[in-house]
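Visitor: I should like to take a close look at the interior of this protein. Would you please guide me through the nonpolar core and then the buried charged residues?

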Amino acid sequence: MLLICGTFFLTFALGSNSNSSTSNESGGTSGSTNNKLSTYKMNEDIYITNNSGKYRVKFTSVKETSDRNQFSDTKADKVVIVEWEYENLTIEDDLLVSDMLNFKLYDKDNNKLESYPAGDTKYGGSVGKGRKTVSSEAYALNNSNNYIELEFYDNTWNSKPDCKVLLEW
């Protein structure tokens, strides 16, 4: 157990640098140390560069589902599935982009969304250099707005996001 925790710490705390930068397809770059946060929309490529290398993330869809979990204590007026793809462009080690490690979601009223145990989700796992995958996760949304603001963090332990993504459907 100690070995697993130590490996996790070394991989994510030390492997990612807080000096990461984001850019879009046209090559525009915004570092996390800038005051202005880069903003992206659904289906826009986000390129992240850090000390380990470069990778691409794209949030591709938000879909409502009627799937409900009778054993969940999480209140959900509606449940949405957020899907994203990621590609390891130049990082020698495996890449994992996950909601638990890399982003936080908020509704239009600035309430943090909770994950919801729906069955329509996919765990993409980690991918090696030159590989890509798709993941999705379900979230409880307790208003009628079709809007989510996602804060993306290259490094889990950063206090400020590297960019934000506006998801509207």
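Guide: The following account begins with the whole chain, proceeds to the core, and ends with two acidic residues.

This is a predicted model, in which local features need pLDDT of at least 70 and side-chain atom pairs count only at pLDDT 80 or more, whereas totals for chains, interfaces and linings use all residues. Residues are numbered from 1 along each chain as its sequence is written, and side-chain values use heavy atoms, with hydrogens and water left out.

The protein has two helices and 11 strands; these are DSSP runs numbered from the N terminus, with helices (H or I) of at least four residues and strands (E) of at least two. Along the sequence they follow the pattern α-β-β-β-β-β-β-α-β-β-β-β-β. Of the 169 residues, 49% count as buried, that is, under 20% relative accessible area with a 1.4 Å probe, protein chains only.

The largest nonpolar core has 29 residues. Such a core is a set of buried Ala, Val, Leu, Ile, Met, Phe, Trp, Tyr and Cys residues joined through side-chain atoms within 4.5 Å. F59, V82, F152 and L167 have the most contacts inside this core. Strands that each supply at least two of its residues include β5 (53-65), β6 (78-88), β10 (147-152) and β11 (163-168). Leaving aside neighbours within four places in sequence, V82 is in contact (heavy atoms within 4.5 Å) with residues including F59, L105, Y139, I148 and L167. Another core, of seven residues, lies apart from the largest one, and A76, I81, Y116 and A140 are among its members.

Two charged residues are also buried. E151 is found in strand β10. E151 is buried yet has no salt bridge, a salt bridge being a side-chain nitrogen of Lys or Arg within 4 Å of a carboxyl oxygen of Asp or Glu. The nearest side chain of opposite charge to E151 is K104, 5.4 Å away; Lys and Arg count as positive and Asp and Glu as negative, while His and the chain ends are not counted. The side chain of E151 does make a polar contact with the side chain of Y153 (2.8 Å). A polar contact is a pair of N or O atoms within 3.5 Å; within protein, one must be able to donate a hydrogen and the other to accept it, and residues adjacent in sequence count only if both atoms are side-chain atoms.

D162 lies in the loop between β10 and β11. D162 is likewise buried without a salt bridge, and K160, its nearest side chain of opposite charge, is 11 Å away. The side chain of D162 reaches the backbone nitrogen of D154 at 2.6 Å.

Terms used
Buried < 20%, exposed > 50% of the residue type's maximum accessible area, 1.4 Å probe, protein only.
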